[in-house]
Amino acid sequence: MTRSRVSAVLGVLVAGVIGVGVLAQDPARGQGAGQGRGGVQPDANGECPPGTTMVRPGNCQAPQAQYPVPSILDYRPRTTLVTAETRTPKAKFPAIDYHGHIAGRLSTPEAIAALIKDMDSLGLGLMISADGGSALRSIDTIKSSPYKDRFRVMTGVNFANVGPGWAEKAVAQLEADVKAGAVGIGEISKSLGLRTRKADGSRLAVDDAEMDPVWAAAGRLTIPVFIHTAEPQEFFEPIDYKNERWLELSLFGDRRYPAGQFPRFEELNAERDRMYKKHPKTTFVMAHFGWHANDLARLGKMLDAMPNVYTEMGAVLYDLGRQPRAAREFLIKYQDRVLFGKDAYETSEYPYYWRVLETTDEYFDYYRDYHAFWKLYGLGLPDAVLKKIYYQNAVKITPGLPQTGWPK
Ligand SMILES: [Zn+2]
């Protein structure tokens, strides 16, 4: 319950008990109480009606008419907080971006050289193309480049027409791709579970047994499976004014997963967890903190129960940075299980990650308002933990990465 809701409920209770209308003029409250005009009572749930806000317990008011109310888009107050700002253009230790979508930047030596220039200025030691295998066609260009140890490529699995005979072909393709240089499977997209259909037309569940031979093969080939399941939980909820992703959902129609048309958030999580548990000898890297960065205790329990599961922090920085103490504690406790990854390749955004992970700066903006209208705080992680998250864990679980040349 929010603080204003608590006071609202108290206000209603008090009003009820003493039998006095809370909106009655009370000279002791003075001008600040809103002059007793325009005030209305909260509803039975203690909520103020639309267009009003609680100014005193039990009293909701609308802004005065000469101040038109800005929309969520237009209200951008400048902060008056004077506080330290640490510039973090470059990661403190060479970072491996485990969640790169860079296939289009690897196709020529010139493109690779341009990407290296960005990576050097950001402190990225290595990028993995988690583009489902589309960078495999550039593997010779990468291998003959002076930067061959700065990139690795994952392959994909084609989930079209899963049914009898599918797995044999998928496993054979996987073996060929690993021979060609793939160091893992990924990114397996959220479509698996949300949209992909089997040959018989039914939804392909994340734990469908017909895919078991592929996950088992990944274990046998000692390649990690980098997989994205579901989406943030609010994407499955009604798009009302209680939804903390309202702005994003109002902007992007393809991020809405209404009940009746799509499986539910928890249904997908349950399928995912069953699949991970079925294959304890296969290493899974769960993208985006499994969309549990908003519930780190839950994520911790998962990691405790499934030693074959690792997780990656792409696109959930807004949840870590709004709970800096809990996130710091979590990342220290699970320092052997978390990997750095960014997802969308946008050079201006990486420094936000370095700032949240490395500094103790306070109350600063995230890079996208529609993701997070709140502010972020630095976690100030110890160097030993940063090294694990930035590169040591990735190197440890991915035999195809360069195993030497990293700082001690
Ligand atoms: Zn991705």
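## A walk through the chain, starting from a bent helix

Helix α13 bends by about 50° at I389. That is a good place to enter this predicted model, since α13 touches on several other elements. The helix covers residues 383-397, and its 15 residues, at 1.5 Å each, should span 21 Å; the end C-alpha atoms lie 20 Å apart, which agrees with that expectation.

Now look at what surrounds α13. Of its 15 residues, 11 are buried, so the helix is largely enclosed by the rest of the structure. The buried set starts with V385, L386, K387 and K388, takes in I389, Y390, Y391, Q392, N393 and A394, and is completed by I397. I389 is therefore both the site of the bend and one of the buried residues, going by the count that makes 11 of the 15 buried. The cover over these residues includes strands β3 (95-100), β4 (124-129), β9 (309-312) and β10 (338-339), along with helices α11 (324-333) and α12 (350-358).

Two of those covering strands, β9 and β10, lead us to a sheet. It is an open one of five strands, ordered β6-β7-β8-β9-β10, and the pairing is parallel. The edges belong to β6 (185-188) and β10: each has a single partner strand, so one side of each is left without a neighbour in the sheet. Further in, β8 (residues 284-286) pairs with β9 in the parallel sense over three bridges, and M286 sits opposite T311 of β9.

Stay with β8 and look at the loops on either side of it. On the way in, P280 lies in the loop between α8 (265-278) and β8. P280 is exposed, because there are just 12 other C-beta atoms within 10 Å, where 12 or fewer is the cut-off for that class. Its C-alpha atom is 7.6 Å from that of M306, although the two are 26 residues apart along the chain. On the way out, F289 is in the loop between β8 and α9 (296-305). F289 is a contrast to P280: 22 C-beta neighbours inside 10 Å make F289 buried. The backbone is worth a look here too, as phi of F289 is near 55°, a positive value in a residue other than glycine.

Why stop at such a detail? Most residues other than glycine have a negative phi, and most peptide bonds are trans. There is a further case of each kind to visit. Edge strand β6 holds E187, and the peptide bond from G186 to E187 is cis, with omega near -10°. N161, which is not a glycine, has a positive phi of about 60°.

N161 belongs to the loop between β5 (151-153) and α4 (166-180), and it is partly exposed, with 15 other C-beta atoms within 10 Å. G163 is in the loop between β5 and α4 as well. With 12 C-beta neighbours inside 10 Å, G163 counts as exposed. What does G163 touch, leaving aside its neighbours within four places in sequence? The contacts are K198, A199, D200 and E210. L249, on the other hand, is 86 residues from G163 along the chain, and their C-alpha atoms are separated by 34 Å.

Time to step back. The domain assignment splits the chain into domain 1 (3-61) and domain 2 (95-397), whose centres, taken over C-alpha atoms, are 47 Å apart. Domain 1 offers a small piece of β-structure to look at: β1 (residues 53-56) and β2 (residues 59-61) pair in the antiparallel sense over three bridges, with T53 bridged to Q61 in β2. The two strands form a hairpin with two residues between them, and G58 in the turn has a positive phi of about 80°.

For the chain as a whole, count 13 helices and 10 strands. Its C-alpha atoms fill a box of roughly 80 × 50 × 35 Å along the principal axes, and 40% of the 408 residues count as buried. Among contacts with a separation of 6 or more, 74% come from residues 24 or more positions apart.

Finally, a word on confidence. The mean pLDDT is 92, and 91% of the residues reach 70 or more. Residues 1-35 are another matter: pLDDT stays under 50 there, and the model has 39 contacts beyond four places in sequence for this stretch. Where pLDDT is low, the predicted coordinates should not be read in detail.

Definitions and conventions: Residues are numbered from 1 along each chain as its sequence is written. This is a predicted model: local features need pLDDT of at least 70, side-chain atom pairs count only at pLDDT 80 or more; totals for chains, interfaces and linings use all residues. Two strands pair if DSSP finds at least two bridges between them. Helices (H or I, at least four residues) and strands (E, at least two) are DSSP runs, numbered from the N terminus. Domain bounds come from an automatic or database domain assignment. A residue is buried if 20 or more other C-beta atoms lie within 10 Å of its own, exposed if 12 or fewer, and partly exposed in between; C-beta atoms are placed from the backbone. Two residues are in contact if their C-beta atoms, placed from the backbone, lie within 7 Å. The expected span of a helix is 1.5 Å times one less than its number of residues. The bend at a residue is the angle between axes fitted to the seven residues ending there and the seven starting there. pLDDT is the predictor's confidence in each residue, from 0 to 100.
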